[in-house]
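Here are my notes for you, written as numbered points. Keep the model open while you read and look up each spot as it comes along.

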Amino acid sequence: KTIKIDHGKYYLSADLESAALQFSHTKAKAEKYCDVIGVALCDYLQERTGNRKIDPTEALDCLLLFFEKHGLQIGKETKVLNAIESKKAMKYEYYVAQFILEQQQSGSEIFNNLLEILKGFYLSLAISFHNQSKNPRTEKFRGTSCYLDTRIVLDLLGCNSKEDKDASHQLLKMLKEQSAEIKIFEHTYNEIQRIVNAYKYSLKTNYDINSYHTLEGFDSKQLSYEDVEIFQARMRAAIKELGIEIIKIPASSKDAFSIDEIDLEDCLRKDIFYGSDKAVKHDLDSIIAVAFLRSKSQSPSDTIEHCGHIFITPNTKLAKVVNSYFIMQNDLVPYVIDEPRFSALLWVKCYSTHENYPKIKLIQNAYASTLATDEVMRAFYQTVEQFRDEGGISQTEALALRTKLINRRELMEFIGGESKNVNKGTVAHFKNELKQMYGKQAQSLVNLKDKELEKEKLINRTHRDNATESIIQTGKIAEKKFFRRATIIKNIL
C-alpha cells in the first residue's frame, strides 16, 4: 500500500519517485505513438479526401471520432462526434477505417502503435468500473447471469461477418473463463427467428425496398431458402451448444415489479430510432426482465461481478439512455451495460489468455465502418429507380440491382464513402459487375460439362450442343433466382 493511517493522520509508506518516472516514460511513449500516427493519418486523409487543410492534430481527432463511434468513449460526453456533421463524420470514419485495415494488412509499425493506443482506451474503460467492481483484475462473475442481446447472438451463429463472429466468440470465451452464466431471453430468441425469417423470405419474394439490412454471413455463403430453413431448424440446439441457456420470463414479472413501462418506452423512443414496434418491445422486455430478476435476488450486490443479472448490448445508446433513466434509484450497477465497456473489463480480467482481443475488436470495427451505410444504400436504390425511369437500364436490370446483393464494401470504395457521390455512373458500374459475374458463372458451368464429356470420351457435336444449351438454360434459371433475391431485411433490428 502507498498510504498508511496512524492516529488519524495519513502518511506515505512508499517512495513514489520510481512510479512517477515510470508514468512519465509511458506518457512520453504514448505521445510519440500519437505523433507518428497523426502524421501518417494526416497524409492519408489529405491524399484520399483532397483536403490539404487537415493537419496531424485534426487527423487524430478523426481517429478519436472512429473510437467514439464504436463505443470507446472516455468520459460522459463524446468529444468529437457531436461536433462534426453526420455526413462529414461518416466520410472520415470510412477513411480512418480504410487506413487501419491497410496498416494491418501491411503489418506496419503504425498498426502496432494503434494497438497500443487502443489498449489505453480499454484500460480507461475498465478503470471506469472502479466504484462498481470489487476487484477489476481478479473478481469473477460466479453466480451472475449475463444476458446477451440479439446482435451478439447473430454474430456467434455466423449470421454476420467473419470479423463479427471472431470478436463475439472471444467475448463468449472470456465470459466462460470468468464463470459467468451466459443466457438469452426467450423473446431475444424469437427476435433472432424473426430476423432470420425475414432473410429467408427475402430469397423467395420481391419486397418493396423499405429497409437496407442484410445478414452478411449468409450473403457470403450464398445460402438458399432451403439452407436457411435447415439453419433455423437447429438454431436452438446451436445456441445451446455454444453454452448459452434460453430462459423464459413469466408474464407476471411486469406486474410484480413496479416500473412505469409506458414512461420507460416513451424515454426509449425519444432518444433511440426504432424501425418497428417489435424492436422497442424487445428492449423494453429485456430491461424489465433484468430489473425484476435482480429485485428477486437473495443477496443483491453493489458490485458488477455479483449483481446477479445484467443485460449486455452492443447498442451503446440504449445502455446510456437506460442508465440515465434509472439513475434516481441509486443502484450502482446498471441493468444494461454496453458491450465495449463490458468487454474492456473482461479483457483486463482475462489479459493473460486474451491479450490479442483489442486487435480483434479493432479489425471488427474497421470492417464495420467500410460497409455501405443505410444512407448510401438509400441513395444507390433511388438512383437505380431514376436511371430506370429515364431508360438508362431495363426493368430487369433495375430489379437485379435492387434485389441482388452487390458488394457493399466495393460500393463504399467506389464512392469514397460519401452518399453524395452516388450517381448513374455508379449504377452502370455495378450493373456491369453483375453481368460479368453471371457470365462467368454460366461459362464455368459449360466448361465443367465439357471436361466431363471429354473424360468419358463422349464428345459429340450434337451431344455437346444439347448439353451446352441445357447448361445455359440452367444458368438462366439460376440468374432469375439470383435476381429475385432481396438483399433487404425488414427493419427488425
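1. Which cysteine sulfur is closest to the sulfur of Cys62, and how far away is that closest sulfur? It belongs to Cys42, and the gap is 9.5 Å, so the two are too far apart for a bond. Bear in mind that this is a predicted model. Seen from the other side, the closest cysteine sulfur to that of Cys42 is the one in Cys62. A disulfide would need the two sulfurs within 2.5 Å, and a search of the whole structure turns up 0 disulfides.

2. Stay with those two cysteines for a moment. Are they buried or exposed? Cys42 is buried, with a relative accessible area of 5%. Cys62 is buried too, at 7%. Both count as buried because the cut-off is under 20% relative accessible area.

3. Now zoom out to the chain. It has 493 residues, and 49% of them count as buried. You can find 21 helices and 7 strands in it. The accessible surface comes to about 25500 Å², and carbon and sulfur atoms account for 51% of that. Take the contacts between residues at least 6 apart in sequence: 78% of these join residues at least 24 apart.

4. Next, have a look at a pair of helices. Two packed helices are described by the angle between their axes and the distance between the axes. For H6 (residues 162-177) and H16 (residues 357-369), the axes come within 8 Å and cross at roughly 145°. The crossing of H6 and H16 is left-handed. On the H6 side the residues that meet H16 include Asp164, Ala167, Leu171 and Met174, while the H16 side offers Ile360, Ile363 and Tyr367, among others. Sorted by class, this contact has 7 nonpolar, 2 polar and 4 charged residues.

5. Ile152 is worth a click. You'll find it in helix H5 (residues 150-156), where Ile152 is buried with a relative accessible area of 4%. What does Ile152 touch, once residues up to four places away in sequence are not counted? The answer is Ser168, Leu171, Ile312, Pro314 and Glu339. Leu171 also appears in H6 among the residues that meet H16. Try Thr313 as well: Thr313 is 161 residues from Ile152 along the chain, yet their C-alpha atoms are separated by 7.5 Å.

6. Ala379 makes a nice companion case. This residue lies in helix H17 (residues 374-389) and is buried, with a relative accessible area of 16%. Leaving aside neighbours within four places in sequence, Ala379 is in contact with Ser419 and Val422. Between Ala379 and Asn421 there are 9.2 Å in space, C-alpha to C-alpha, and 42 residues in sequence.

7. Last, two backbone oddities. Most residues other than glycine have a negative phi. Ser179, however, has a positive phi of about 65° although it is not a glycine. Ser179 sits in the loop between H6 and strand E4 (181-185) and is partly exposed, with a relative accessible area of 26%. Gln222 has a positive phi as well, near 50°. Where is Gln222 placed? Look in the loop between helix H8 (216-221) and helix H9 (225-233). Gln222 is partly exposed, with a relative accessible area of 42%.

Technical notes:
Residues numbered from 1 in each chain as written. Predicted model: local features only at pLDDT ≥ 70, side-chain atom pairs only at ≥ 80, totals over all residues. Heavy atoms only, no water. Axes fitted to C-alpha atoms, helices over the stretch in contact; angles between N-to-C directions. Helix = DSSP H or I, 4+ residues; strand = E, 2+ residues; numbered from the N terminus. Left-handed = near helix turned anticlockwise from the far one by under 90°. Contact = heavy atoms within 4.5 Å. Nonpolar A, V, L, I, M, F, W, Y, C, P; charged D, E, K, R; others polar. Buried < 20%, exposed > 50% of the residue type's maximum accessible area, 1.4 Å probe, protein only. Areas by Shrake-Rupley, 256 points an atom, 1.4 Å probe, with all protein chains shown as cover.
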